[in-house]
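Please examine the model shown here alongside the explanation that accompanies it.

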Amino acid sequence: MRSDQVKKGHDRAPHRSLLRATGVKTEDFDKPFIGVANSHIDIIPGHFFLQDYGKIMKDEIRKNGCVPFEFNTIGVDDGIAMGHDGMLYSLPSREIIANSIETVMNAHKLDAMICMPNCDKIVPGMIMGALRVNVPTVFVSGGPMKKGHTKDGKPIDLATAFEAVGKFEIGEIDEAELLDIECNACPGSGSCSGMFTANSMNTLCEAMGIALPGNGTILSLTPEREVLIRAAAKRVCEIALDDKYKIRNILNEKSVRNAFAIDMAMGGSSNTVLHMLAIAKEAGVDFNIADINEISKKVSHIAKISPSIEHIHMEDIDRAGGVNAVMKEISRRDNDSLCLDNLTVTGETIGQRIKDSDIKDSDIIHSLENPYSKVGGLAILFGNLAKGGCVIKTAGIIGERSFVGKAVCFDSQQAAIAGIISNKVKAGDVVVIRYEGPIGGPGMQEMLAPTSLIMGKGLGESVALITDGRFSGATRGLSIGHVSPEAAEGGMIGLLRDGDKISIDVDTYSINVELSEEELEKRRADFKPIVKNVTGSWLKQYRLLVTNASNGAVLKTEL
C-alpha cells in the first residue's frame, strides 16, 4: 500500500503514535487509508450540508474495511462574490483547491480518495489535484438544488434573480415582485438548479467516467442522493488498491473528448471550456482549444436547460433519463463523437454503462431527429480580435447568430455596470469589457451582472458583449468571453476604441474588428496596457504565474 510509507516498520512508530491519537486502532494499520476530500463551507448553498454527507461517507468506508481521513478544501460562492472585487478570488481559488488536494494526499501517502465537490471551480480544482496525486479516485457531488417558484407558480432560479435587477431598473417589475424572486429563486440546498458551471462540471464527471451515474442530476438531500453517496464510498474501497483505477487511467484523451461532447449536447456553461482545458493539461492530454469546434460539428444540441430555456432544470433532466440518456442518444450518430470503450470508475466502459438507457421525456431531452441545433451548444470564435480564440455559449443565444455593431468600451466590469445602468449602451452596440482576464483582472471575473442587466433591460437580442473575462453559467445572450490574447498582454481587445465596427458570425466561428492593418499598427505602437493596483498578496502571486484563458488559465510551473 502507498500508505505503508507512513504506517509500516519499526521506524514508523512515531507516525503510528500520531495516528493512534486520532483514533486509528492496531488492526487498522493493515487496511487501506482513504482520503475524504470534502468541500464543506457554510456560506455556499451547495456546500453547507456536506459535513453531514462526509459523516455518511466515512461510515460507509469503515463498513467496507477501510480507514477514512476527512479533510477540507476552501470554496467561493460566485453568486455572492459577483459584482464586486471579491470575484477576483473566484478563479484563483481553483488553484488553491488543487494544491490542497495534492498537499494532503501526498504528505500523508493516502491510498485512494473520494472527492465531494459541488460548485463551480471547486469541481475542476479537485479534479486537477486528483490528477497530480494519481490514486484510485471517485467523485460524488452534493447534488443540484430544486428549482424555485414565484408565488404564482412560475419556475425560477438564480439567473432569474440576477435578471430581475435589470427589470427592476427599467420599471418592468416592482419592489414586491423583486422580493418574491429574491426569496424563492434559491429554495434550499444544492448547486444552483440550472445548467450553470457547477452542474455542468458535475455532469461532465459522469461523461468522463470518474463519477457514478446520477452524479450531476440527482437532487441534494434526497434519499436517492444518499444512496449514491454510499455507493460511491463503497466503490472507492473496492478499487483502493487496484492500479487499474488510478484516475489518470480513466481521465485520458478519450474522456476529455467525451466531456466536451456531452457539454455540446447539453449546452453547458462556457466556463467548462476554461476548466476542461486546465484538466486536460493536468492529465497530460494534448488538446487544443480549436479542437472544440470539430467536436461541436459532430454533436447535436439535444438538451436545453436554464438559463438557455427558463422552465427546464436539473431535476427535469434527471426525470427524463439523466446524463446516461443524453450519452446514449448522442452515441446513435455513428461518427465517433463519443468514445464508448473508455473505462469508468465503476468498472464498465461508457458504452456498457449507457446501453440500457433511454430518453423518458422527449420534451426535455430531444432526439437526434429533433435537436435544438445540429451542432453543439458551445463554439470557439477566432479572428483579429481573438487570435487565441474566445468562447460563446451558443445554446444561450436568443437573437441572431451573427451581429455587426459599434464598440462601447469599458476598462472594468464596474465601469460596464455603471454604463449599462446609465443607458450608455444602446441597441446595436457591442459592449467591450476588458482588463478582466486572468492576468488583467487579475482573476478573470465572471460577468453575470452586466449580462443580466442587458437581458433585464430588454437588450438581449440587440446588444452583443465581448470580454477577456468570463461568464457565469447563468449568462445568456450574444455574450462572448475568454478573449485571448487578453488586454493585459497586449491583445487586440485592448486596442479597441468606442465606435469601432465589430463583426461576429457564430456559424463561421469568426470575430473581427473592421480596421485597416495600418490603423492597427498605429494603435499597437501607442499601446500600453493598464496595470491594476492589487492589494492582496495572493492575487499578486497569481498575476505573476497565470496564463491566459486559451491555455485554461493554468499557473506556470516554470519561468
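The paragraphs that follow treat aromatic contacts, internal cavities, one helix and one loop residue in turn.

The model is predicted, and every value discussed here is computed from it. A search of the whole structure finds 5 aromatic pairs. In one of them, Phe48 and Phe49 meet edge-to-face, with 5.4 Å from centre to centre and 85° between the planes. An angle over 60 degrees is what places a pair in the edge-to-face class. The two partners can also be described by their accessibility: Phe48 is partly exposed, with a relative accessible area of 39%, whereas Phe49 is buried, with a relative accessible area of 4%. Since buried means under 20%, Phe49 falls within that class at 4%. Tyr53 joins Phe48 and Phe49 in one aromatic cluster.

Aromatic rings also take part in contacts with charged side chains. Lys7 lies over the face of Phe33, at 4.1 Å from the ring centre. In a second contact, the ring of Tyr245 has the charged end of Arg235 over it, 5.0 Å from the ring centre.

The next topic is the space enclosed by the protein. Rolling a probe the size of a water molecule over the atoms shows where empty space is left. The structure holds 4 cavities of 30 Å³ or more, and the largest cavity has a volume of about 70 Å³. Its lining comprises 10 residues, of which Ser270, Lys393, Phe471, Thr475 and Ser479 lie nearest the centre of the cavity. By class, 7 residues of this lining are polar, 2 are charged and 1 is nonpolar.

Helix H13 covers residues 271-283. How does its length compare with the expected span? At 1.5 Å a residue, the 13 residues of H13 should span 18 Å, and the C-alpha atoms at its ends are 18 Å apart, so the two values agree. H13 is mostly covered, with 12 of its 13 residues buried. Among the buried residues are Asn271, Thr272, His275 and Glu282, as well as Val273, Leu274, Met276 and Leu277. After H13 comes Gly284, whose phi is positive, near 75°.

Further along the chain, Pro307 lies in the loop between helix H14 (291-298) and helix H15 (314-319). Is this loop residue buried or exposed? Pro307 counts as buried because its relative accessibility is 3%, and the limit for that class is under 20%. The C-alpha atoms of Pro307 and Ile96 are separated by 29 Å, and the two residues are 211 residues apart along the chain.

How values were computed. Residues are numbered from 1 along each chain as its sequence is written. This is a predicted model: local features need pLDDT of at least 70, side-chain atom pairs count only at pLDDT 80 or more; totals for chains, interfaces and linings use all residues. Side-chain values use heavy atoms; hydrogens and water are left out. Rings of Phe, Tyr and Trp (its six-membered ring) pair if their centres lie within 6.5 Å; planes under 30 degrees apart count as stacked, over 60 as edge-to-face and the rest as tilted. Buried means under 20% relative accessible area, exposed over 50%, partly exposed in between (1.4 Å probe, protein chains only). A charge sits over a ring if NZ of Lys or CZ of Arg is within 6 Å of the ring centre and within 35 degrees of the ring normal. On a 1 Å grid over the protein atoms alone, a cavity is a set of points where a 1.4 Å probe fits but cannot get out, and a pocket is an open set with protein on both sides within 12 Å along at least five of seven lines; lining residues have an atom within 4 Å of a point. Grid points are joined across faces, edges and corners, and a volume is the space filled by probe spheres set on the points. Ala, Val, Leu, Ile, Met, Phe, Trp, Tyr, Cys and Pro count as nonpolar, Asp, Glu, Lys and Arg as charged, and the others, Gly among them, as polar. Helices (H or I, at least four residues) and strands (E, at least two) are DSSP runs, numbered from the N terminus. The expected span of a helix is 1.5 Å times one less than its number of residues.
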